[in-house]
Amino acid sequence: MEQIDHMQYLPDMEILEDSELGAQVVRAMQNYDPQRYTAVDVKRALAADYLTQDDFGALLSPAAEPFLEAMARRAAIETQKHFGNSVLLFTPLYISNYCENHCIYCGFNCKNRIRRAKLDEDGIRREMEAIAKTGMEEVLILTGESRKMSDVRYIGRACEIAHEYFKNVGIEVYPMNTDEYAYLHACGADYVTVFQETYDSDRYAELHLAGHKRIFPYRLNAQERAVRGGMRGVAFAALLGLSDFRKDAFAVGTHAYLIQRNYPHAEISFSCPRLRPIINNDKINPKDVHERQLLQVMCAYRIFMPFAGLTISTRERAGFRDHVIGMCATKISAGVSTGIGSHTEEASEGVGDSQFEISDSRSLDEVIAAIKSRGLQPVLNDYVYI
Amino acid sequence: MNDELMIGGHAFSSRFILGSGKFDLDLIRAAVEHAGAQIVTLALRRVNSFSGNILEHIPSGVTLLPNTSGARNAEEAVKIARLAREAGCGEFIKIEVIHDSKYLLPDNYETAKACEMLAKDGFIPMPYMYPDLYAARDMVNAGAAAIMPLAAPIGSNQGLSTKQFIRILIEEIDLPVIVDAGIGKPSQACEAMEMGAAAIMANTAIATAGNIVEMAKAFRHAIIAGRTAYLAGTGRVLDRASASSPLTGFIQD
């Protein structure tokens, strides 16, 4: 099959003619050389009250690895200063796993023969009711990326229903145009998460073979469109391990930095996913991102942007998650099930298959107990929709 | 001696306003009691939770001061204030309008607008603001019941980094000037009170202390000490030693 040009916008995709932001992020990443930093640079970065982008680069470099303990200590101080003892809780809800993209590392990709499913309105309501009963007050609505099977109206309806059951509604769906984000905001959503996966456009093209997602710059500018559409906050991430994770993490931080700089009111947060085993994943060779490197990235985000939120993924084991809250992470998921309809269907895997395997399947109550046992305060809601 | 803090026609004997945002709910009661606080601030967005209602953890008899955190402009602040009133939080409202996610500095212009709208709506507005004299005067004219300048950016633990500007507000504004945000230690609270601040608002410094109860007590004592010193009138302080050999000593007639 002939592949489309991954740098060329498709006809319905909005182009932000007046913004250079995406291009600036890519240029900054291309100029970033993790190998050029030394221990002296890392020490200087750790001693600085306010970090420059270059300091951030030093903290992400191999030279910073021996300083992980010092980074963790600095990160813990910053987290304490800006967030106190609070730890926010949320749960993701997958409402559809139909996908038109061919991303070779993903369990949902259109070539994978998994059980596809999409919840109808009643199904969405049942799932949300079941989650709300556990006491959860924040939900993140996710879909596979199919405009056909889960169009903007469908997602909007899910947001409206979510607004009845939850205080805080976020979405992690395919990138869309500014007016579509504005519509979803009016439906009750206020936070948008888009994972760029990798900021290296060549590697991106190798991994994303087909579908809307193949268009690199359209995805790259999603957060800016979301903020312009009136969303209160946006989250950034690279799927660490797809490419050089240090360069990708540098791009994530730079992207967040530039959005904050240009839209100072926007609430910024980071996610830190790394590759987990899924169908077909053995065909690619993930670059090694062990817990040590993952923690380095998380601490670097925290020290560079101490005011930003940081979510710890359910892909990580409970022991890791419990230790990073209060140190660098400010938000943790609980009661997670990534199948479709899996919160209410008798079979716990639901009617549609999962995107990836999770490592921490603890319930909300269990996670709350773990947070309290670390002397921290679980917070179910810190937001009001206006 | 009767030394009451008057805000919007209400009298308070304590000059310590405790923030609740960063507390473990189980510890709020103890902190309030040991700090001797009669006013506790709370964010509506936190009250607005289905479970773990913060209101149940605040001792009765304490005046609630809900804040409008989350508001990015005057209109949003008014909406949040009305929600707080519906939630049973009373007429006091601390106006917080923030349009910057990095330093969380208050937007004085929108805050003054919100002040006017809320005062007309029957609230007792207490604006959190950047210590600027003109903005403070606008807020007074708009119906503020107190002025709450920041000592330093939230979470910075820098103490009284805006000291000279707060001093000007204390001198020029007839309403209570309550120092808010950035106070990291009891000594800094004491310093602000010595200067004539009407009260101190703190949260992080106590919520994240090693021993919350002891730190609450320390703040209580520091604020009383500072207030007492202010009322007593601090002694003369000279910028430099007086010279023992005057430059003009050679003059003979």
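This passage describes the contact between two chains, the spaces left in the protein, and the salt bridges.

The structure is a predicted model, and the contact between its chains makes a good place to begin. Chain A brings 29 residues to this contact and chain B brings 30 residues. Together the two chains bury about 2700 Å², with 47% of that area on carbon and sulfur atoms. On the side of chain A, three residues stand out: K81(A), Q377(A) and I386(A) supply 22% of the area that chain A buries against chain B, which is more than any other three residues provide.

Turning to the polar side of the interface, nine residue pairs are in polar contact across chain A and chain B, with both partners at pLDDT 80 or more. Three elements of chain A each give two or more residues to the side that touches chain B, namely α4 (68–83), β8 (267–271) and β11 (377–379). The most comes from α4(A), with four residues. Sorted by class, the side of chain A that touches chain B is made up of 14 nonpolar, nine polar and six charged residues. A single salt bridge is found across the interface. It pairs D382(A) with R45(B), and the closest N and O atoms of the two are 3.2 Å apart.

The next topic is the empty space. The largest pocket holds about 490 Å³. Its lining comprises 25 residues, and those closest to its centre are D49(A), Y50(A), H82(A), P306(A) and Y103(B); residues of both chain A and chain B are thus named at its centre. Three helices of chain A, α4, α11 (245–262) and α12 (291–304), each supply at least two residues of this lining. Helix α4(A) recurs here, giving the largest share of the pocket lining with four residues, just as α4(A) gives the most to the side of chain A that touches chain B. The class make-up of the pocket lining is 13 nonpolar, seven polar and five charged residues.

Enclosed space is present as well, in the form of two cavities of 30 Å³ or more. The second largest cavity contains about 120 Å³ of space. Of the 13 residues that line this cavity, E145(A), Y174(A), P175(A), H212(A) and K213(A) lie nearest its centre. Its lining divides into five nonpolar, three polar and five charged residues.

Salt bridges complete the picture. Over all chains, the count comes to 40. One of them joins R228(A) to D18(A), with the closest N and O atoms 3.1 Å apart. This pair links distant parts of the chain, the two residues being 210 residues apart. R228(A) belongs to helix α10 (residues 222–228) of chain A, while D18(A) sits in the segment before α1 (21–31) of chain A. The bridge between R228(A) and D18(A) thus lies within chain A, whereas the bridge between D382(A) and R45(B) joins chain A to chain B.

Terms used: Residues numbered from 1 in each chain as written. Chains lettered and ligands numbered in written order. Predicted model: local features only at pLDDT ≥ 70, side-chain atom pairs only at ≥ 80, totals over all residues. Heavy atoms only, no water. 1 Å grid on protein atoms, 1.4 Å probe; cavity = no way out; pocket = protein on both sides within 12 Å on 5 of 7 lines; lining within 4 Å. Points joined across faces, edges and corners; volume = space filled by probe spheres on them. Nonpolar A, V, L, I, M, F, W, Y, C, P; charged D, E, K, R; others polar. Contact = heavy atoms within 4.5 Å. Buried area = accessible area lost by both parts, 1.4 Å probe. Salt bridge = Lys/Arg side-chain N within 4 Å of Asp/Glu carboxyl O. Polar contact = N/O pair within 3.5 Å; in protein donor to acceptor, adjacent residues only side chain to side chain.
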